[in-house]
Amino acid sequence: MLLWLLGFIILIVFYLWYVNIIARRNATLDALSGIDVQLKKRHDLIPNVLAIAKRFMQHEQQLLEDITRLRTEAVTALQKAEHNPTAKEVNDHFEAEQQLQSAMSRLLVQSEAYPELTSSAPMVNAQQTYLEVETNIAAARRFYNTSVRRLRNSTEILPGSLIVKIVPVDKYPFFHADSAALQAVDAAALLR
């Protein structure tokens, strides 16, 4: 009788932990959709920024074309991740977004060399909107990364590590900031 009771308790613990893992996986996917909403806003804003920049930045045509190509790749990766949110698709999606973010950062830095562009009201408005969207992406990224951490903890701590051997759960990647954003600011270079 005691053995049956012990077996029943272990089964209940495994079931509750499994439910916890599924709930955290769903929370991670929900957080991922929050990031995707913000990324779609960025994708929608980029053509407007490029249209304004093209009027002034004729010498930066290659950068503008690169951003257009990277935006298309990022939209495609986003759509694949939405239809099939596996860890690999999500990772590919994040890599495409980081490349796009890096190119947009280069555009915004290079636009400083064009005073008529940086003083243009539409460009100032577009830059402010872009920075607002980037701030929202950063907040969504923090929420997503917290969800991923919780999911990983529940799948790596016993009995979760045993459960994922029976019922596999994707190990979603963390969404890191652009590597350029992680580097220290060189104030001397900015003051030149």
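Contact means heavy atoms within 4.5 Å. The model is predicted: local features need pLDDT of at least 70, side-chain atom pairs count only at pLDDT 80 or more, and totals for chains, interfaces and linings use all residues. Residues are numbered from 1 along each chain as its sequence is written, and side-chain values use heavy atoms, with hydrogens and water left out.

**Exercise 1. Place Arg42 in its helix, decide whether Arg42 is buried or exposed, and list its contacts.**

Step 1. Arg42 is found in helix H1. Helices are DSSP runs (H or I, at least four residues), numbered from the N terminus, and strands are runs of E with at least two residues.

Step 2. Buried means under 20% relative accessible area, exposed means over 50%, and partly exposed lies in between (1.4 Å probe, protein chains only). Arg42 has 1% relative accessibility and therefore counts as buried.

Step 3. Neighbours within four places in sequence are left aside. Arg42 is then in contact with Glu97, Leu100, Gln101, Tyr130, Val133, Glu134 and Ile137.

**Exercise 2. Do the same for two residues of helix H3, Glu97 and His93.**

Step 1. Glu97 has 0% relative accessibility, so Glu97 is classed as buried. Not counting residues up to four places away in sequence, Glu97 touches Leu39, Arg42, His43, Ala74 and Phe175.

Step 2. His93 also has 0% relative accessibility and therefore counts as buried. With residues up to four places away in sequence not counted, His93 touches Asp36, Leu39, Ala74, Ala77, Leu78 and Ala81.

Step 3. Between the C-alpha atoms of His93 and Glu82 there are 9.5 Å in space, and the two are 11 residues apart in sequence.

**Exercise 3. Describe the largest nonpolar core and say which helices supply it.**

Step 1. A nonpolar core is a set of buried Ala, Val, Leu, Ile, Met, Phe, Trp, Tyr and Cys residues joined through side-chain atoms within 4.5 Å. In soluble globular proteins, nonpolar side chains tend to be buried together.

Step 2. The largest nonpolar core here has 25 residues. Those with the most contacts inside it are Val49, Met57, Ile67, Leu100, Met104, Leu107 and Leu117.

Step 3. At least two residues of this core come from each of helix H1 (2-56), helix H2 (61-83), helix H3 (87-110) and helix H5 (121-156). H1 gives the largest share, seven residues.

Step 4. Another core lies apart from this one and has 17 residues, including Ala31, Leu32, Tyr144 and Phe175.

Step 5. Return to Leu100. Leaving aside neighbours within four places in sequence, Leu100 is in contact with Arg42, His43, Ile46, Ile67, Leu70, Arg71 and Ala74.

**Exercise 4. How do H1 and H2 pack, and which residues meet?**

Step 1. Axes are lines fitted to C-alpha atoms, for helices over the stretch in contact, and angles run from 0 to 180 degrees between N-to-C directions. H1 and H2 pack at an angle of about 165°, and their axes are 11 Å apart.

Step 2. That angle makes H1 roughly antiparallel to H2. The cut-offs are under 35 degrees for roughly parallel, over 145 for roughly antiparallel, 65 to 115 for roughly perpendicular, and oblique for the rest.

Step 3. Among the residues of H1 that meet H2 are Asp36, His43, Ile46 and Leu50. On the H2 side, Ile67, Arg71, Ala74 and Leu78 are included.

**Exercise 5. Repeat the analysis for H3 and H5.**

Step 1. The angle between H3 and H5 is about 150°, with the axes 13 Å apart. H3 and H5 are therefore roughly antiparallel to each other.

Step 2. From H3, the contact is made by Val90, Phe94, Gln101, Met104 and Leu108. From H5, Met123, Gln127, Tyr130, Glu134 and Tyr144 take part.

Step 3. Ala, Val, Leu, Ile, Met, Phe, Trp, Tyr, Cys and Pro count as nonpolar, Asp, Glu, Lys and Arg as charged, and the others, Gly among them, as polar. The residues of the contact of H3 with H5 divide into seven nonpolar, two polar and one charged.

**Exercise 6. Which residues are in contact with Arg25, and where does Pro159 lie?**

Step 1. Arg25 is placed in helix H1. Its relative accessibility is 27%, so Arg25 counts as partly exposed.

Step 2. Apart from neighbours within four places in sequence, Arg25 is in contact with Leu151, Val169 and Tyr172. The C-alpha atoms of Arg25 and Val169 are separated by 7.9 Å, although the residues are 144 apart along the chain.

Step 3. Pro159 is in the loop between H5 and helix H6 (160-166). The peptide bond from Leu158 to Pro159 is cis, with omega near 10°.
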